[in-house]
Amino acid sequence: MKNKKIGINVMLFGLIFCALLYFSNNFGLIDIEKTAIITAIGLDMAENEYEVTVQIAVPQASNATKENDKAVISATGATASEALHQIGDITGWYPNLGFCNLIVLGEDLLVGDVNVCVDYFSKTLKLQDSACLTACEGKAKDLLKAVTPLDSISSFAIQKILLKNPGMTSDVATVDVKTFSVGYFSNAASSHMPFIRAIEVGGAKSGKAAGEGEEQSGGGGQDPEMVFDAAYTAMFKDGYFVGMLDDHETKTFNVLNEKVNENFFIVDDVPIGENKENFLLNVSDNKCKVKLDIENGVPVLKVNARLFVRVEDRTAYQKEEALKSNALLPEPVAKKAQEDFVKYMLGIVKKCRESGCDLLELDNKLYRHHHKEYERMRRTLYDDLQLRVNVEFSGVK
């Protein structure tokens with residue numbers, strides 16, 4: 001009974017304490033009317049200064065295009081942080097970076113060491129280090145100002161591509177600020193990030209066509225609508241852009257490094273009888289292992305990959321083939337898929353060798369598992385590297 005009474009008193013005291021906190025503290029909330037909730041940051045070069053463009057989440061009106069334009073603000077400064085602080089000066093709003101999940105580097109920044117501007121975002125406590133980092137074709141400012149049918153705010157549409165839910169296709173080599181910085185300061189000084197291209201789609205009108213519609217609707221001309229492709233991967237060495245993986249190489253890179261729940265593998269020009277067909281394979285599972293060994297003083301990269309697939313679609317239709325289950329993988333398709341996988345893998349190793357970017361993190365593998373050979377091999381690792389790929393495409397059981 002005594003213990004029960006003590007427990008009740010403790011609970012009562014806890015409730016009173018929580019009530020005091022609730023009624024006496026605003027928990028440090030900032031006035032929303034004086035706060036700019038930044039959802040994305042774009043970095044470009046404007047002459048000899050940095051131009052920072054921020055996308056601010058504001059209540060959307062019925063005309064999403066006009067409201068989206070007003071939510072994009074730019075400022076310049078000698079450093080990225082100075083330009084960012086200028087945003088607050090010219091708007092009167094406090095720039096809140098706590099909800100920023102995307103940083104975009106314009107193409108003109110890729111001519112120099114990108115970590116000069118990325119370093120601020122990797123160290124500041126105002127921004128979460130899980131924010132996605134990406135480069136883009138053209139100006140980052142134009143990318144953030146783009147109008148897209150996928151969302152009222154362009155950065156949200158881009159994040160849907162970069163941060164796909166489990167079970168969706170993995171076509172993008174997504175990287176965050178923390179991971180990029182870790183790669184930059186590693187012994188290999190190598191990093192990567194997605195490279196985004198804006199693609200115009202039909203729907204919105206511009207120019208003369210928009211002017212003709214203006215008389216009927218009373219509205220102004222609209223900018224063309226855009227969707228975004230992030231299938232290419234930019235490679236960096238010591239912070240400098242040194243090469244690019246294409247979409248096939250990016251997909252192969254992801255398959256080696258991630259567990260696949262659902263992905264697609266395109267196989268073209270498969271010899272079926274006297275004709276050639278194209279196949280789309282649905283990858284439902286993968287078992288991949290990348291290992292670095294030393295044989296007779298020579299580094300050997302051993303890649304073992306097994307992909308479980310089924311035929312999703314094909315360019316030609318044959319009545320007798322239609323009766324077969326898609327889980328059965330035709331031997332010519334499996335053979336051609338394995339050849340293509342090896343070709344893409346050779347392409348990745350070649351680009352790493354030519355650029356000096358250790359995209360496969362072999363320097364780290366050499367240091368951990370063959371430390372005695374590290375100093376002797378580290379500088380010529382990719383030059384002396386031999387590649388052995390054992391890949392198998394199997395039908396789903």
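Visitor: Which elements do the buried residues of helix 3 pack against?
Guide: In this predicted model, the buried residues of helix 3 pack against several strands and one helix. The partners are strand 1 (35-46), strand 2 (49-56), strand 3 (72-77), strand 4 (94-96) and helix 4 (115-123).

Visitor: Which residues of helix 3 are buried?
Guide: Helix 3 covers residues 80-91, and its 12 residues reach 17 Å from the first C-alpha to the last, close to the 16 Å expected at 1.5 Å a residue. Within helix 3, the residues that count as buried are Ala-80, Ser-81, Ala-83, Leu-84, Ile-87 and Gly-88.

Visitor: What phi does Gly-92 take just after helix 3?
Guide: Helix 3 spans residues 80-91, and Gly-92 comes just after it. The phi of Gly-92 is positive, at about 80 degrees.

Visitor: How many residues of strand 2 are buried?
Guide: Strand 2 is one of the elements against which the buried residues of helix 3 pack. Strand 2 is also largely enclosed by the rest of the structure, because its buried residues number 7 of 8.

Visitor: In which sense do strand 1 and strand 2 pair, and over how many bridges?
Guide: The hairpin of strand 1 and strand 2 has 2 residues between the strands, and in this hairpin Glu-47 takes a positive phi near 60 degrees. One bridge can be named, since the partner of Ile-41 in strand 2 is Val-54. The pairing of strand 1 with strand 2 is antiparallel, over 8 bridges.

Visitor: Which residue in strand 3 stands opposite Tyr-50?
Guide: Strand 2 pairs with strand 3 as well, in the antiparallel sense and over 6 bridges. The residue in strand 3 that stands opposite Tyr-50 is Gly-77.

Visitor: Is Thr-53 buried or exposed?
Guide: Thr-53 is found in strand 2, where 7 of the 8 residues are buried. A residue counts as buried when its relative accessible area is under 20%. The relative accessible area of Thr-53 is 0%, so Thr-53 is buried.

Visitor: With which side chain does the side chain of Thr-53 make a polar contact?
Guide: Leaving aside neighbours within four places in sequence, Thr-53 is in contact with Ala-40, Ile-41, Gly-42, Val-72, Ile-73, Ser-74, Lys-141 and Leu-144. A polar contact at 2.8 Å joins the side chain of Thr-53 to the side chain of Ser-74.

Visitor: What percentage of the residues of the protein count as buried?
Guide: The protein has 14 helices and 13 strands, and it exposes about 21800 Å², of which carbon and sulfur atoms supply 52%. Of its 397 residues, the share that count as buried is 42%.

How values were computed
Residues are numbered from 1 along each chain as its sequence is written. This is a predicted model: local features need pLDDT of at least 70, side-chain atom pairs count only at pLDDT 80 or more; totals for chains, interfaces and linings use all residues. Side-chain values use heavy atoms; hydrogens and water are left out. Helices (H or I, at least four residues) and strands (E, at least two) are DSSP runs, numbered from the N terminus. The expected span of a helix is 1.5 Å times one less than its number of residues. Buried means under 20% relative accessible area, exposed over 50%, partly exposed in between (1.4 Å probe, protein chains only). Contact means heavy atoms within 4.5 Å. Accessible areas come from the Shrake-Rupley method with a 1.4 Å probe; for residues, only the protein chains shown count as cover. Two strands pair if DSSP finds at least two bridges between them. A polar contact is a pair of N or O atoms within 3.5 Å; within protein, one must be able to donate a hydrogen and the other to accept it, and residues adjacent in sequence count only if both atoms are side-chain atoms.
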